[in-house]
Amino acid sequence: MVDPASGFDDYANVVVRGDHVAEVGLGSSGMRIDVDGLVVAPGLVDLHCHLREPGREDAETIASGTAAAAAGGFTAVCAMANTDPVCDHAGVVEQVRRLAKVAGNCDVYPVGAITRGLAGHELAELGAMASIGVRCFSDDGMPVRSAQVMRRALMYALTWDAIICNHAEESSLTEHAQMNEGALSSALGLAGWPREAEEIQVARDLILAHGLGARLHVPHVSTRGTIELIRAAKARGARVTAEACPHHFTLSEDEVASFDPVFKVNPPLRSAADVEAIRRGLADGTIDAIATDHAPHSPETKEREWAYAPCGMLGLETALALTLTELVKPGVLTLTQAVAALTSKPARSRDITGHGGPIAPGTHANLVAFDPDASWTVDPNAVRSRSRNTPYAGLQVLGRVVHTILRGRFTCRDGQVV
Amino acid sequence: MGSVIADLLSMADLDAPTITEILDTADGLRDIARRPIKKVPTLRGRTVCNLFFEDSTRTRISFEIAAKRLSADVINFSASGSSVSKGESFKDTALTLQAMGLDLIVVRHAASGAPVQLTRWVDAKVLNAGDGWHQHPTQALLDLFTIRDRVGRIEGLRVTVCGDIAHSRVARSLVQGLGTMGATVTLAGPPTLIPPGADRWGASITHDLDALLPDTDVLYLLRVQRERMDDQCFPSLREYARLWGVDRDRLARLPEGAIVMHPGPMNRGVEITADVADAPHAVITDQVTNGIAVRMGCLYLMLGGEAA
């Protein structure tokens, strides 16, 4: 059992009674589930996914997205607000929660929009959403461009000590941008997406948040410069947390040479040096969490000319395996660090209790059991998501989720979503 | 003889012997244009589709003439007035054409990489007739042909490519082709129109066109688009013309025997003045004429070998 929240890393029995953990240690009782050779950890927590419902049920529904989450070992996911209608009022928050409860695959924590309609002009009614438990607000996909609106949002969110997560992209630098800017974008004739666009926005937001003592979360860090900015801000005592996505520590811009839009994502795949910097940022704790940015798109929207295809890739079902394959196996992270980046740290960064450990008597039995050594090949036709846009088709990875348990009940058993 | 070229997507895929073979083949085919009956039966029974998602009358006509002179059956498919305007996707268009059993698709598309994607969906051979800012290999080949024809060689020539390198598929293809054939290339233009990483293209970069002119054997001018002004790449067409446009005075600074090229269509008065365009140094109409022979050469090498 690996439980970073309690520091526990040893062989143990976990006794589950009803929806709670009853005992951790040598004792045992009731029906026995043999997990010999598997790692038992808190159910994974994803800070960043797109479940597309309401609005784009052709690409994903809350039921299918949370099934993918359960298959990936997650017991809690934070669903971004860029649905249609936008999750900028309490009604959509309630709707998403209700649909998630009906599906029963995974707890869903809706992220509320910062501004009405994600338009960046007027604040959404954060209070209405905060009063029903929303802890994080984001216009993800759309940056809050106005420094004034951003500053007001950070300030206003202090009422609940809530977290503001701003999509980091100075969009005047990324109009029509298609891929990371550099020699490769020039060779491929695709408009470049400069690193500066991300770094300028993060620098601004860090300055604003630090000045106010407000909480800022930086999503999908993709450049070395962003990591340096966050590292410096943390050293100054800013209340900032950050996430990185598996695709940004697994894939580089070289994939774009295929012109297969399955590799098109925002922020874009960067250079090998950026990939390396993200790995180091995770190792030294500058980046707190691994988040999926799971972004399903239907085949007809994604299988287009590169320039016309939307950004985004699937992530929920491969996040754990990529973390183990790309970070743990090469020794970038210890298993405990990796589990922490997928459980306790994201949960803490978003004030999510009941997930991410500790696995202790009296806590909710939200658990995952995975085989860290099992090898499998990613098959787009085998995913539980409604969409197929995984960039890892045919990739052999290590680490297979065997069981996922949400409050004492299997959501995934022997690799099958229940 | 088997076909020499499978798909023709990028100049980066062609080595020097292949380029030479294409140019030699084109040379052999250009006499057909001088005959009273401008047609040979080489590609009889072959079907070539000109699939144009971006308007380009000049290039389409050039390919159409090339295919017809080789007796191929030619179908023209343009995005406007077709199922594409009714919302059919690129992939479905490709699958539809695939089901019709074509031998070769000449594709022009505003999106970089579209011809590469097309190869995944069709069995027909694919010839890239220009994709976004990415590649335009037959333009580069006809330029190489024209240089070789007029100057007698390519290797060792000093070629200056001037203008909007960043948004030019012609520049990318030509610089690669010239490099492969052993020319020395310099890119000239404002820094805002030189793409990042161009220093790794095997060409040198200058922002001082005037200093370079006395050492230029081939001056290649690129078309400047007004929309680049809207992107703040330069302040005005007038200023562009002053700094980078070639007029009679700049022409006079070229060495004896130098040639001036342009892929067309020209903006007279911007990158090139009318008197330069019509000067004896200018080989711009040769480029157009040679385009047909070079495209015949490409079609022949892609299709002719198999059943001939």
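**Exercise 1. Which helix of chain B is the place of Leu303(B)? Place the residue, then judge its burial.**

Before solving, note the ground rules. This is a predicted model: local features need pLDDT of at least 70, side-chain atom pairs count only at pLDDT 80 or more, and totals for chains, interfaces and linings use all residues. Residues are numbered from 1 along each chain as its sequence is written, while chains are lettered from A and ligands numbered from 1 in the order in which they are written.

Step 1. Leu303(B) sits in helix H12 of chain B. Helices (H or I, at least four residues) and strands (E, at least two) are DSSP runs, numbered from the N terminus.

Step 2. A residue is buried if 20 or more other C-beta atoms lie within 10 Å of its own, exposed if 12 or fewer, and partly exposed in between; C-beta atoms are placed from the backbone. Leu303(B) has 25 other C-beta atoms within 10 Å, so Leu303(B) is buried.

Step 3. Take Met261(B), 42 residues apart from Leu303(B) along the chain. The two C-alpha atoms are separated by 30 Å.

**Exercise 2. Describe chain B as a whole.**

Step 1. Chain B holds 12 helices and nine strands.

Step 2. The radius of gyration is taken over C-alpha atoms; the globule rule is 2.2 Å times the number of residues to the power 0.38. For 308 residues the rule gives 19 Å, and chain B has 19 Å, so chain B is as compact as a globular protein of that length.

Step 3. Along the principal axes, the C-alpha atoms fill a box of roughly 55 × 45 × 35 Å.

Step 4. Of the 308 residues of chain B, 50% count as buried.

**Exercise 3. Split chain B into domains and analyse their contact.**

Step 1. The domain assignment, automatic or from a database, gives domain 1 (11–135 + 288–307) and domain 2 (137–287) of chain B.

Step 2. Their C-alpha centres lie 26 Å apart.

Step 3. Two residues are in contact if their C-beta atoms, placed from the backbone, lie within 7 Å. Domain 1 of chain B brings 25 residues to the contact, and domain 2 of chain B brings 23.

Step 4. On the domain 1 side, helix H1 (16–29), strand E4 (125–131) and helix H12 (284–307) of chain B each supply at least two residues. H12(B) gives the most, with seven residues.

Step 5. Sort that side by class. Ala, Val, Leu, Ile, Met, Phe, Trp, Tyr, Cys and Pro count as nonpolar, Asp, Glu, Lys and Arg as charged, and the others, Gly among them, as polar. The side of domain 1 of chain B that touches domain 2 of chain B has 13 nonpolar, eight polar and four charged residues.

**Exercise 4. Characterise the contact between chains A and B.**

Step 1. Here 16 residues of chain A are in contact with 20 residues of chain B.

Step 2. On the chain A side, helix H5 (residues 183–188) gives the most, with three residues.

Step 3. By class, the side of chain A that touches chain B has seven nonpolar, four polar and five charged residues.

**Exercise 5. Trace the open sheet of chain A.**

Step 1. Two strands pair if DSSP finds at least two bridges between them. The five strands run in the order E9-E10-E13-E14-E15 (chain A), with parallel pairing.

Step 2. Strand E9 (136–138) and strand E15 (289–290) of chain A are the edge strands: each pairs on one side only.

Step 3. E9(A) pairs with strand E10 (residues 163–165) of chain A over three bridges. Phe137(A) stands opposite Ile164(A) in E10(A).
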